[in-house]
Amino acid sequence: MKVVTTIPSQSLTAEGGKDVNFIILVALAVVGFIVFLIGLFDLLLLIIGLVIIAVAAVYYIVAPKNTFNVGISAIGQNSRISITSSGSKAEGTQSQLIGILRMGGVGAGTGATRVCKNCHAMVTDQSATFCPTCGGKL
Ligand SMILES: [Zn+2]
């Protein structure tokens, strides 16, 4: 994945390579080439070989690109993080990133800020059981 555009603290778009299953691609190309070689002695096999190579080429051309976008917008005191992605590699990166965000306590899309019942202080730490301002139980 390569970062192609960056708007500081707002948006990040990463674009990876084409989402190609290389096993299918190589298998098609190899089978196509072998049939093509055999086909040097037989016109029908020659055409079939060329068709298989053409299918491999088309498969590579039409394969969707991996795109990955993270948008961060500040709304009041809460930050909203939106993540969109397409392609299998990008989706893998997305779930990794959501995991990192959850570990960091940022929370993807939840934005749960609690208010202390005792002193009405805003508590952003979702794992906290006691208010950091007054020490009361949340
Ligand atoms: Zn409190």
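Helices (H or I, at least four residues) and strands (E, at least two) are taken here as DSSP runs, numbered from the N terminus. On that basis, the protein chain holds three helices and six strands, arranged from the N terminus on as β-β-α-α-β-β-α-β-β. The model is a predicted one, in which local features need pLDDT of at least 70 and side-chain atom pairs count only at pLDDT 80 or more, while totals for chains, interfaces and linings use all residues. Residues are numbered from 1 along each chain as its sequence is written.

A look at confidence comes next. The mean pLDDT (the predictor's confidence in each residue, from 0 to 100) of the protein chain is 70, and 51% of its residues reach 70 or more. Among the elements, the lowest mean pLDDT, 56, belongs to strand 1 (residues 2–7), and the highest, 82, to strand 5 (residues 114–115).

The pairing of helix 1 (residues 22–38) with helix 2 (residues 43–62) deserves a closer look. Their axes, lines fitted to C-alpha atoms over the stretch in contact, with angles running from 0 to 180 degrees between N-to-C directions, come within 7 Å and cross at roughly 160°. Helix 1 and helix 2 are therefore roughly antiparallel to each other, a label for angles over 145 degrees. Residues in contact have C-beta atoms, placed from the backbone, within 7 Å; those joining the two helices include L28 and F36 of helix 1 and I52 and Y59 of helix 2.

Across the protein chain, among contacts between residues at least 6 apart in sequence, 37% join residues at least 24 apart.

Key
Parallel < 35°, antiparallel > 145°, perpendicular 65-115°, else oblique.
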